[in-house]
Amino acid sequence: MEISPGQWLLILFLVAIPLLYEWSATFKYFCKMAFYNSYILFLAIIAIPICAVRGRDVENMRVLRFMLLHIKYLYGIKIEVRGTENFNIKEPYVVVSNHQSSLDLLGLMEVLPSRCVPIAKKELMYMGTVGLACWLGGIIFINRKKTNDAISVMSEAAQTMLSQDGRVWVFPEGTRNHNGSMLPFKRGAFHLAVQNPGSSHPVVISSYRDFYSKKDRRFTTGRCIVQILSSVPTKGLEPTDVPALTDRVRQAMLVAFEGPFRGSGSPRSDFRHHFPPNV
């Protein structure tokens, strides 16, 4: 039986793909990222009818979390969680976390507290099945380009937290940061924390530099540490305290972020000494 040119091309393609995957780190990077994004879209399709039964509800985050928890195994990423006891608080609170890439989703879902929803950029709402699943999960969308809208959303989030015993997860850098450190923090998350008479919880996701780099087009297996730092009480604080609160939380998070990678021994998880009683 003769093989047509089209069949030869197909055979060549099927042979070349695994070879390229093994030999080219760049090709492997794009394959892994394509699968990561496509797989999340697929999982969203499964989650939507399950979540739709309840409608838009923060309890649907349990469904989304269950759907996403296994992805780390597919990529050989080991996630170590430290400081889980710091989330043992029943009152409403604000979680603030650093933001490196879309892989942060894995760390977020690993430690997501009950009745907690992230604040995400509004563009995510229009990303097909993912946007619909996020909306059903109660995720709060914010227009980063319009300050007045952002302030309004934060104020509404504070009221929702109080009325529905909710928690909010915020990325105060405002965008993904690939430079191996932390960008200056925007103050919206801390205004939200001050409006909420509870506390702010810093969460630090360690650098992915050992196994992931968008700049270098590298994505291998590796280990990630998610540290839940001690809570920062915000009861009694005023809007004038926000700048100092922002700076001190960022400094504590930066110390934790750099700790595991600079020969400092065990990363510190208790930073209460960074915060005097009035801040």
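Helices (H or I, at least four residues) and strands (E, at least two) are DSSP runs, numbered from the N terminus. This is a predicted model, where local features need pLDDT of at least 70, side-chain atom pairs count only at pLDDT 80 or more, and totals for chains, interfaces and linings use all residues. Residues are numbered from 1 along each chain as its sequence is written, and side-chain values use heavy atoms, with hydrogens and water left out.

**Exercise 1. Place Arg115 and describe its backbone.**

Step 1: Find the loop. Arg115 sits between α5 (104-111) and β3 (116-121).
Step 2: Read phi. Arg115 is not a glycine, yet its phi is positive, about 55°.
Step 3: Recall the background. Most residues other than glycine have a negative phi.
Step 4: Check the cover. Buried means under 20% relative accessible area, exposed over 50%, and partly exposed in between (1.4 Å probe, protein chains only). Arg115 has 24%, so it is partly exposed.

**Exercise 2. Compare Lys214 and Arg217: which loop holds each, and how exposed is each?**

Step 1: Take Lys214. Its loop runs between β7 (212-213) and β8 (218-219).
Step 2: Take Arg217. This residue also lies in the loop between β7 and β8.
Step 3: Classify both. Lys214 has 41% relative accessibility, so it is partly exposed. Arg217 has 31%, so it is partly exposed.
Step 4: Read phi for Arg217. The value is positive, about 55°, although Arg217 is not a glycine.

**Exercise 3. Name the aromatic cluster and analyse two pairs.**

Step 1: Apply the rule. Rings of Phe, Tyr and Trp (its six-membered ring) pair if their centres lie within 6.5 Å; planes under 30 degrees apart count as stacked, over 60 as edge-to-face and the rest as tilted.
Step 2: Count. The structure holds twelve aromatic pairs.
Step 3: Take Tyr29 and Phe30. Their centres are 5.3 Å apart, with 80° between the planes, so the pair is edge-to-face.
Step 4: Check their cover. Tyr29 is buried, because its relative accessible area is 5%. Phe30 has 45%, so it is partly exposed.
Step 5: Take Tyr208 and Tyr212. Here the centres are 6.4 Å apart and the planes make 85°, which again gives edge-to-face. Both Tyr208 and Tyr212 are buried.
Step 6: Name the cluster. One aromatic cluster is formed by Tyr29, Phe30, Phe35, Tyr36, Tyr39, Phe42, Tyr75, Tyr208, Phe211, Tyr212 and Phe219.
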